[in-house]
Amino acid sequence: MTAEPLAPTGRDGRHLYTCPLCEAMCGLEIQVDGGRVTSIRGNPDDVWSRGHLCPKGTSLGAVHHDPDRIRRPMIKVDGQWREVSWDQAFRRCTELLAPVIAEHGIGALTCYTGNPLAHSFSLGRYTGVLLGMSGIPVSYSPGTVDQWPKNLSSHLMYGNWWGFPVPDIERTDLLVIMGANPAASQGSLLAAPDVMGLIGRIDTVIVIDPVRTPTAAKADEWLPITPGTDAALLMAVVHTLFDEGLVDLGGLAEHLDGVDALRTAAHDWTPERVAGVTGISAERTRELARQLAGTERAVVYGRIGLCNQEFGSLASWLVDVVNILTGHFDTPGGAMFPRPAVWTVTSQPQPGLEGGLAEFGRWQTRVRGAKEVLGQVPVSCLAEEIETPGEGQIKALITVAGNPVLSTPAGHHLDEVLPQLDAMISVDLWLNETTRHADVILPGLSPLEQPHHDDLILAFAIGSIANYSAPVFAPEDPGRPEEWEILVRLTGLCAGTPAEDVDVAAIDDGFFDYLCFTQGLDGADIRRHYDSGGPERILDLTLRTGPFGDQYGTNPDGLTLQKLKDNPNGISFGPMVSQVPEILGTTDKKIRLAPQYLLDDLPRLAGRCNREPDDLVLVSRRHLRSNNSWLHNVSALMKGRDRCTLLMHPVDAARRGVSDGATVSVSSSAGSIEVPVEVTEAIKPGVVSMPHGWGHGLPGTRMSVANDSPGVNTNVLSPPTFLDEPSGNGALNGIPVTVAPLG
Ligand SMILES: Nc1nc2c(c(=O)[nH]1)N[C@H]1C(S)=C(S)[C@@H](COP(=O)(O)OP(=O)(O)OC[C@H]3O[C@@H](n4cnc5c(=O)[nH]c(N)nc54)[C@H](O)[C@@H]3O)O[C@H]1N2
Ligand SMILES: Nc1nc2c(c(=O)[nH]1)N[C@H]1C(S)=C(S)[C@@H](COP(=O)(O)OP(=O)(O)OC[C@H]3O[C@@H](n4cnc5c(=O)[nH]c(N)nc54)[C@H](O)[C@@H]3O)O[C@H]1N2
Ligand code: SF4
Ligand SMILES: [Mo]
C-alpha cells in the first residue's frame, strides 16, 4: 500500500492531493521529480474516492506547468500587456477604480464571480468578503445559468437556500435521472465517489433526457423527453400518485405543510393531458409513478437539464415533491440532506429572507426591470447594464474566475460591450476570451500551489467526509499574495482605501469575527487560538464548530484542522442521516410542499402545453474531458476528434439535406453560428445538442492549445431573455433553432 512517506511542499516525491476540478473530489497521488509532475494516479487509500479518478484529474500537472498560465500580475498599457510587480498592479487597480467610484458611486462597479470558486480553497471562502464588505450593490455569477431554480425551491420549501436534497445513490434500488449526465459531469449537486460505479450497482436506472447520453446508454431505460417539459411530466406523476392513492408520506407527514394545496393543484394535470407535449406516453407516465411508489428505496434526481430550462423552478421543485409523496425523502435510499463537516460562508442565511419568505423583486434591474431573486438577477442582464447610458450605468467590472464571454447567454454581445468599460480587473490564471478585455490581471496561484479543502461541494456529498491537502509546490514567487489577499485588497479598494494600502489583516479579522458571530461566538476570543489568519483559520473555525467539530474544547475528540492534517487520506463520518425537522430553516419547522410563488407559475406551464410544437430545439451537453470553458488548453485532454459538434437525428438531417460531418449554419432569435454536424440516433428527433465553453481563438488571448481547436460559442444562440421566470435562471436548453446546410 502506501508506506512511502509524503514529500513536504515543494520537494520531489509523492504527494497526496484532492482534485479540485469537480464534485467527485478524488484523492490523487502526485509524483514530483525534478520539480515537475511526472505522474498522477488515484489514491487507493483515500477514504472517499478509493482510487477513482478521470482524465481531468491526471491533467493537473499540465495545468500547473502550462506555459500560458499567468504567473505574474499584468497591466495593459496602450493595448500592450506588461508584467509588473504586485505593488504596481495594485496601484494600477486604485488608479482605475477610485475615480469611477468617486465620480459615479459604488453602484457603477460590479463583479462576475465564476464557477471555480466553488472548488477553490481561497476563493470560496473570500468571495464572501468581496461581495459582502465591498459595498458593491449588484453582482453577477453563473449561478443564474446553473442552479438558481434549485436555490429557489430549497429556499421556499425548506427555508434553506443551499440545502439541496441529494439522491442517496449508494443505498437506492431505483434511480430516475432527469437532465443530468454523470458519465460526463461526474455528478452535480451530487458529490459521490466514482458516481458511475455507484449508479452501475443500482437495480433499475431510468434516464429521462432528450439525448441518449453515455449515462442513458448504460441505464435500463432511456425516456426521450421534449426539452423544457419535465415539469409537465412531473405534474402528471404527482396527479397519478394522488389519483391512484399511491401517496405515502410516512413519518414525514407531521413535518409537511401544503399537501391539500398540492392535490388541488395537480387535479387537472392528467398524464393524457401532457403526453403529447412531453413525448412520453400517458401509460408510461402512470407506470413511472407506480414504480416510484412501489419501490421501497427509490429516488428521482434532477440536475442542470432541469434547471437551465424554461420551467426550471417548477421542475426542480417537483423532483423534491415526487420524492416526498412517494416516501423517499429524508430516508436512506431516497433524497436526503447531506451533513457537511464544515459549514460554508456562501450558505449563510440571506438577511431579510430568513424562514424561506417569498419576497423577491425587492429591487429591479435598471434596463430590463428584471426582478432580484435571492439577491441575483439574470447574468444575461450584464451586457445591457454596461452599454445603456444613464444613472446607474456599469462603468467598471471585476471578474473572479469566470469566463462569461463563453459561458453566458449572448456572450458574444458581452464581448462587444466590455471594451466600453472605464476599468476591468480580472483575477484569473489565463488570458482568455473574457480576461483579454481587462486592464489588470491579478493571477492566483496554480491549484497545486494552494492547500485544498472543499467547501460548498461537501454540502452536496452523499457521505460526510473531510480532508485537507497541503500544497504540492511552493509558489514560484515567495511573498506574493494568495487569491484571498487579492480579494481582500479589492474589497478595501471598493470601500475607499487604495488597494496597495489596505490593512489585509484588519479586514480578514473583521470577516472572521462576523463568521464567529453567526455561531454565537466572540471573534476576539476565538482569534486567540490562532497565530495567523486567512483561509486556514476560517477552515479551522468551520470544522470545529461543524457537526463533528471539537467545539473549541467542549467535544475534545472532535474534528480540528490539525486532525485532518494528521490524516492525509481523509476522515469519513459515514453516510447521510435523517435530519428533518432540525435542518429546516422555515419558521414553523415544516416543509412547504406547495409554495404559492411556484403554484403561481403553473398557468405559464399550462400555456407551454398548448403551444405549437417547435420544429427544432437546441440543448447543451458536457464532455468528460472538458471543464466548462477552461481546460481546453491541456493538450492531453484535447486529443481525439472534434467534440464541438451539433448532434442531430438522421430524420432531421435528411429533411434538411444535411450529411454527417458537414458544416451547417444554426440560427436562433439571438444569433447564428457555423458548426459541424454529427448525425446520430442517440438523440430525440426535433432536438439538437451542442457543448458550451467553446469559441476560442479570439485575438488577444493566450491559450495556444485551445486556440488551435477553437470550436464555436453555442451561447451566441442563447437568447438573453429566454428565462425560467420565477428564478430568473437562463433557459439554455430548449432554444428554438433552425439548421441549414452551408452554401
Ligand atoms: N467533464 C465535465 N464535468 C463537469 C463540467 C464540465 O464542463 N465537464 N461542468 C461542471 C458543472 S459547472 C456543472 S453545473 C455540472 C452539470 O452536470 P450535469 O447536470 O450532469 O450536466 P450535463 O452533463 O450537461 O447533463 C445535462 C443533461 O441534461 C439534458 N437536458 C437538456 N435539456 C433537458 C430538458 O429539458 N429535460 C431533460 N430531462 N434533460 C435535458 C442534456 O441532454 C444533458 O444530457 O457538471 C460539472 N462537471
Ligand atoms: N450553453 C450553456 N452554457 C452554459 C452551461 C450550459 O450547460 N450550457 N453551463 C453553465 C454553468 S453550469 C456554469 S457553472 C458556467 C461556467 O461559467 P464560468 O464560471 O464563467 O466559466 P468557466 O469556464 O468555468 O470559467 C472559469 C474561469 O476561471 C479561471 N480559473 C480556473 N481556475 C482558477 C483559479 O483557481 N483561480 C482563478 N482566479 N481563476 C481560475 C479560468 O481561466 C476561467 O477564466 O457556464 C454556464 N454556461
Ligand atoms: S472525477 Fe476527474 S475531475 Fe472530478 S475530481 Fe475526480 S479526477 Fe478530478
Ligand atoms: Mo455549473
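The following dialogue concerns the ligand sites, pockets and cavities of a predicted model.

Me: Which conventions apply to this model?

Reply: In this predicted model, local features need pLDDT of at least 70 and side-chain atom pairs count only at pLDDT 80 or more, while totals for chains, interfaces and linings use all residues. Residues are numbered from 1 along each chain as its sequence is written, chains are lettered from A and ligands numbered from 1 in the order in which they are written, and side-chain values use heavy atoms, with hydrogens and water left out.

Me: How many residues surround ligand 1, and which are the closest?

Reply: A residue is near a molecule if one of its heavy atoms lies within 4 Å of it. Ligand 1 is surrounded by 32 residues, with Ser-185, Asp-209, Asp-230, Ser-626 and Asn-628 the closest. By class, this shell holds 11 nonpolar, 15 polar and six charged residues (nonpolar: Ala, Val, Leu, Ile, Met, Phe, Trp, Tyr, Cys and Pro; charged: Asp, Glu, Lys and Arg; polar: the others, Gly among them).

Me: Which polar side-chain atoms lie by an oxygen or a nitrogen atom of ligand 1?

Reply: A polar contact here is a pair of N or O atoms within 3.5 Å. A polar side-chain atom of Asp-209 lies 2.7 Å from an oxygen atom of ligand 1, and one of Asp-230 lies 2.7 Å from a nitrogen atom of the ligand. On the backbone, an N or O atom of Ala-184 is 3.1 Å from a nitrogen atom of ligand 1. Taken alone, ligand 1 exposes 920 Å², of which the protein buries 96% (Shrake-Rupley method, 1.4 Å probe).

Me: Where does ligand 1 lie with respect to the domains?

Reply: Domain bounds come from an automatic or database domain assignment. Ligand 1 lies between domain 2 (148-331 + 580-601) and domain 3 (614-741), because both give residues to its shell. Helix 12 gives the most, with three residues (helices are DSSP runs of H or I, at least four residues; strands are runs of E, at least two; both are numbered from the N terminus).

Me: What surrounds ligand 2?

Reply: There are 30 residues around ligand 2, and Tyr-112, Ser-407, Asp-428, Glu-483 and Ser-629 come nearest. An N or O atom in the side chain of Tyr-112 is 2.6 Å from an oxygen atom of ligand 2, and a polar backbone atom of Ser-407 is 2.6 Å from a nitrogen atom of the ligand. The side chain of Asn-432 has an N or O atom 2.8 Å from an oxygen atom of ligand 2. The protein buries 97% of the 920 Å² that ligand 2 exposes when taken alone. Domain 1 (91-145 + 362-566) and domain 3 (614-741) each supply at least three residues to this shell.

Me: How is empty space to be read, and what is the volume of the largest cavity?

Reply: Rolling a probe the size of a water molecule over the atoms shows where empty space is left. On a 1 Å grid over the protein atoms alone, a cavity is a set of points where a 1.4 Å probe fits but cannot get out; lining residues have an atom within 4 Å of a point. Points are joined across faces, edges and corners, and a volume is the space filled by probe spheres set on them. The count comes to four cavities of 30 Å³ or more. The largest has a volume of about 90 Å³, and among its 13 lining residues Lys-150, Pro-165, Pro-167, Tyr-301 and Gly-302 lie nearest its centre. Strand 12 gives the largest share of that lining, four residues.

Key
A polar contact is a pair of N or O atoms within 3.5 Å; within protein, one must be able to donate a hydrogen and the other to accept it, and residues adjacent in sequence count only if both atoms are side-chain atoms. On a 1 Å grid over the protein atoms alone, a cavity is a set of points where a 1.4 Å probe fits but cannot get out, and a pocket is an open set with protein on both sides within 12 Å along at least five of seven lines; lining residues have an atom within 4 Å of a point.
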